[in-house]
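User: Hi! Could you take a close look at one part of this model for me and walk me through what you find there?

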Amino acid sequence: MNPAKTAGHQSGLSSQNDLQENNEKLPIRVISANGDLVLEYIAPGDSSSSPARRKWQVASEHLTSHSPYFQALLDPTKFSEGRQFSAQKLAWNETKIPGPALQHALPTVRLPSVHSTSMCGEDAIELFLKILCLDSLDETERSVFENELKTQSTSLVARMIDLADSMNSPRAIQDVLQGIGYLYGKSKPALLARFNAALLSMKEDRIRQIIFISTFLNDSRLTRIMTHALLVVGSRFWVNGLDVPEEESLRWKYLPNGLEGGFPEAPLSVPVS
């Protein structure tokens with residue numbers, strides 16, 4: 001996702017009218033306790049219900065350090081969002097609002113409500129932001145988070161990787177997942193050590209998610225094992241052939257690199273330096 005394509009009416013700083021559209025303050029989930037920015041996400045909704053809104057307090061310094069997308073979006077020399085953020089941050093630094101009210105006065109940037117964010121989900125957005133802002137945590141908090149991430153479900157991690165790639169920010173995600181030794185959910189390591197009959201009892205979605213994640217992490221051994229398992233059990237998606245899905249879907253539902261799709265010009269996995 002290029003900020004140039006989503007800047008403006010789809011993403012950017014919420015206006016004061018947007019922030020005051022109702023009297024009730026939306027709770028802000030704290031990712032960075034000393035964060036200087038609130039990211040707001042409004043999920044697409046149908047006409048019969050109000051769209052869900054979420055806000056996260058984050059550190060702009062960590063976002064721009066680890067994400068080329070946010071580095072461009074918040075750059076005051078590139079986009080109006082960056083110039084507005086800079087101006088609002090200056091004004092916020094001069095305020096003397098005490099306590100929790102100060103948090104609601106933070107500069108607010110609205111994430112683009114595009115197909116990739118809505119398809120991946122709020123939980124994937126939050127996990128993505130937590131990894132980008134990992135340096136905000138102290139040693140104990142970081143240890144707790146990394147232990148939880150190590151066994152996080154393949155469904156959530158696969159969606160988070162999909163989101164990170166759409167926002168041109170895969171490197172930080174890959175580095176963290178490789179660094180903690182991600183275990184592909186709560187599977188016993190022995191189960192994924194080699195091809196075995198137990199793998200054939202896995203649900204197809206999970207097999208695909210492991211293939212997708214292991215490809216992203218350059219774990220070719222596991223990619224081969226799980227690809228073999230998928231070929232043995234077959235796929236419900238193959239009933240009508242191997243054509244590209246008509247509607248955009250999560251990437252693990254149509255695997256690249258020759259298994260179902262062609263070889264992409266720009267591979268999802270980050271090259272090993």
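The part I have in mind is helix α12, with the loop that comes after it.

Analyst: Happy to! Please keep in mind that this is a predicted model. Let's begin in the helix, with Glu204, which is found in α12. Is Glu204 buried or exposed? Its relative accessible area is 13%, and buried means under 20%, so Glu204 counts as buried.

What does Glu204 touch, leaving aside residues up to four places away in sequence? The list is Leu230, Gly234, Ser235, Arg236 and Phe237. One of these, Ser235, also takes part in a polar contact: the side chains of Glu204 and Ser235 come within 2.5 Å of each other. Another residue on that list, Leu230, has a number inside the 220-233 span of α13.

Now for the loop. Helix α12 covers 204-216 and α13 covers 220-233, and Asn218 has its place in the loop between them. The backbone is worth a look here, as Asn218 has a positive phi, near 60 degrees, although this residue is not a glycine. As background, most residues other than glycine have a negative phi. Asn218 has a relative accessible area of 33%, so Asn218 is partly exposed.

For comparison, there is another asparagine to look at in an earlier loop. Asn168 lies between α10 (154-166) and α11 (170-180). Asn168 likewise has a positive phi, in this case near 55 degrees. With 45% relative accessibility, Asn168 also counts as partly exposed.

Note on methods:
Residues are numbered from 1 along each chain as its sequence is written. This is a predicted model: local features need pLDDT of at least 70, side-chain atom pairs count only at pLDDT 80 or more; totals for chains, interfaces and linings use all residues. Side-chain values use heavy atoms; hydrogens and water are left out. Helices (H or I, at least four residues) and strands (E, at least two) are DSSP runs, numbered from the N terminus. Buried means under 20% relative accessible area, exposed over 50%, partly exposed in between (1.4 Å probe, protein chains only). A polar contact is a pair of N or O atoms within 3.5 Å; within protein, one must be able to donate a hydrogen and the other to accept it, and residues adjacent in sequence count only if both atoms are side-chain atoms. Contact means heavy atoms within 4.5 Å.
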